[in-house]
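Here's a walk through one protein model, starting with its sulfur links and working towards its cores and charge pairs. Have the chain open as you read.

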Amino acid sequence: MKSLIVLLGLVFAFASRDPHLAVVREKVISRHCLRENQVYGLFSRAYKNTGEVDLTARENVGLLSFPMMALMEPCPKCNKTSSKQVIEMFASLKGLNFGNFILMVRSEDNWHNDTQKNCMFIEGALGVAEGRGHKAAVMSDHDDWMKIAGADCEVDDNNQRFLIWQRKDGWESMRGFKPFGGFVMPVLKVFTGPVELCNNNLDLMCFLP
């Protein structure tokens, strides 16, 4: 029996009790194989932390028949504002149908030492995405957020944004979660990866209750 899960305006129809979504940074080889392995939606990287767009996201949108979200791995140390980077990413996806905008906040080496500066970068990127009509989300975990953005950086004070918890502990649960960034609880969790699946290297995500 199929169940429906609605994630910020996107409807996912599942025939399995354990549906997954996945993060991909390369061209998808087989959508049929993904479905057979209970992967029903993708977060495809559309911007690299080198300050360049990732055109594989554009290729994946045309290939897939299920929802795809645009993932941004930003470059805060590049000579570009967060707004410019987001606008570049959207330009590379112009004319394509994709869902939510996901900003990855992790890997502290890619960020400034100034948490306030990083927080302004994050808020700027999310704001530009929302200004263009997209739901905005953060992908991070407590420890990375504290090092990069700091305890005072809260970007979800109106409950309009959502959190994807990056915690690769193998558990499809809230076990060990600590609130951060103004987020009380995550909607999704990156619980394992990368795993080789369908000739792709994927990070797998699960919905949380």
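The S-S bond of Cys33 and Cys198 has a torsion of about -85 degrees, so this disulfide is left-handed. Here a disulfide means two cysteine sulfur atoms within 2.5 Å of each other. Cys33 sits in helix H1 (residues 31-36), while Cys198 is in the loop between strand E9 (188-197) and strand E10 (200-207), so to speak a link across distant parts of the chain, 165 residues apart. Helices (H or I, at least four residues) and strands (E, at least two) are DSSP runs, numbered from the N terminus.

A word on the source: this is a predicted model, in which local features need pLDDT of at least 70 and side-chain atom pairs count only at pLDDT 80 or more, while totals for chains, interfaces and linings use all residues. Residues are numbered from 1 along each chain as its sequence is written, and side-chain values use heavy atoms, leaving out hydrogens and water.

Back to the sulfurs. The disulfide count comes to 3, and the pairs follow the pattern 1-6, 2-3, 4-5 when bonded cysteines are counted along the chain. Here they are side by side:

| Pair | S to S distance |
|---|---|
| Cys33 and Cys198 | 2.1 Å |
| Cys75 and Cys78 | 1.9 Å |
| Cys119 and Cys153 | 2.1 Å |

The torsion about the S-S bond of Cys119 and Cys153 is about 85 degrees, so that disulfide is right-handed. Cys119 belongs to helix H4 (residues 115-131) and Cys153 to the loop between H5 and strand E8 (162-166), so the bond ties together parts that are 34 residues apart in sequence. The link of Cys75 and Cys78 is right-handed too, with 75 degrees about its S-S bond.

How covered are these cysteines? Buried means under 20% relative accessible area, exposed over 50%, and partly exposed in between (1.4 Å probe, protein chains only). Cys198 counts as buried at 11% relative accessibility, and both Cys119 and Cys153 are buried. Cys75 is buried at 7%, whereas its partner Cys78 is partly exposed at 22%. Cys206 is buried as well, at 2% relative accessibility.

Now zoom out to the whole chain. The protein has 5 helices and 10 strands, and buried residues make up 50% of its 209 residues. About 10100 Å² is exposed, with carbon and sulfur atoms supplying 48% of that; these areas come from the Shrake-Rupley method with a 1.4 Å probe, and for residues only the protein chains shown count as cover. Of the contacts (heavy atoms within 4.5 Å) between residues at least 6 apart in sequence, 65% join residues at least 24 apart.

Which residues touch the most other members of the largest nonpolar core? They are Met89, Phe101, Ile122 and Trp145, in a core of 49 residues. H4 gives the most to this core, with 7 residues. A second, separate core has 15 residues, including Met139, Phe162, Val190 and Phe207. A nonpolar core is a set of buried Ala, Val, Leu, Ile, Met, Phe, Trp, Tyr and Cys residues joined through side-chain atoms within 4.5 Å.

Trp145 is worth a click. Leaving aside residues up to four places away in sequence, Trp145 touches Val105, Ile122, Val138, Ser140, Gly150, Cys153, Val155, Phe180 and Gly181. Asp144 lies in helix H5 (residues 142-148) and counts as buried at 15% relative accessibility. With the same sequence neighbours left out, Asp144 touches Val105, Arg106, Ser107 and Ala149.

Helix H3 (residues 82-92) has Ser82, Gln85, Val86, Met89, Phe90 and Ser92 buried. Seen down the axis of H3, these buried residues fall within an arc of 160 degrees, so they line one face of the helix. The arc is that of the directions from the helix axis to the C-beta atoms.

On to the charges. The structure holds 13 salt bridges, each a side-chain nitrogen of Lys or Arg within 4 Å of a carboxyl oxygen of Asp or Glu. Arg45 takes part in a bridge with Asp54, the closest N and O atoms being 2.8 Å apart. Arg45 is buried at 15% relative accessibility, and Asp54 is buried at 4%. Arg45 also pairs with Glu73, with 3.2 Å between the closest N and O atoms. That pair links distant parts of the chain, 28 residues apart: Arg45 is in strand E4 (residues 39-47) and Glu73 in the loop between strand E5 (68-72) and H3. Glu73 is buried, like Arg45. Arg25, Arg45, Asp54, Glu73, Lys168 and Asp203 are linked in a network of salt bridges.

Asp169 and Lys189 form another salt bridge, with closest N and O atoms 2.9 Å apart. Asp169 lies in the loop between E8 and E9 and Lys189 in strand E9, so the pair ties together parts that are 20 residues apart in sequence. Lys189 is buried at 0% relative accessible area, while Asp169 is partly exposed at 27%.
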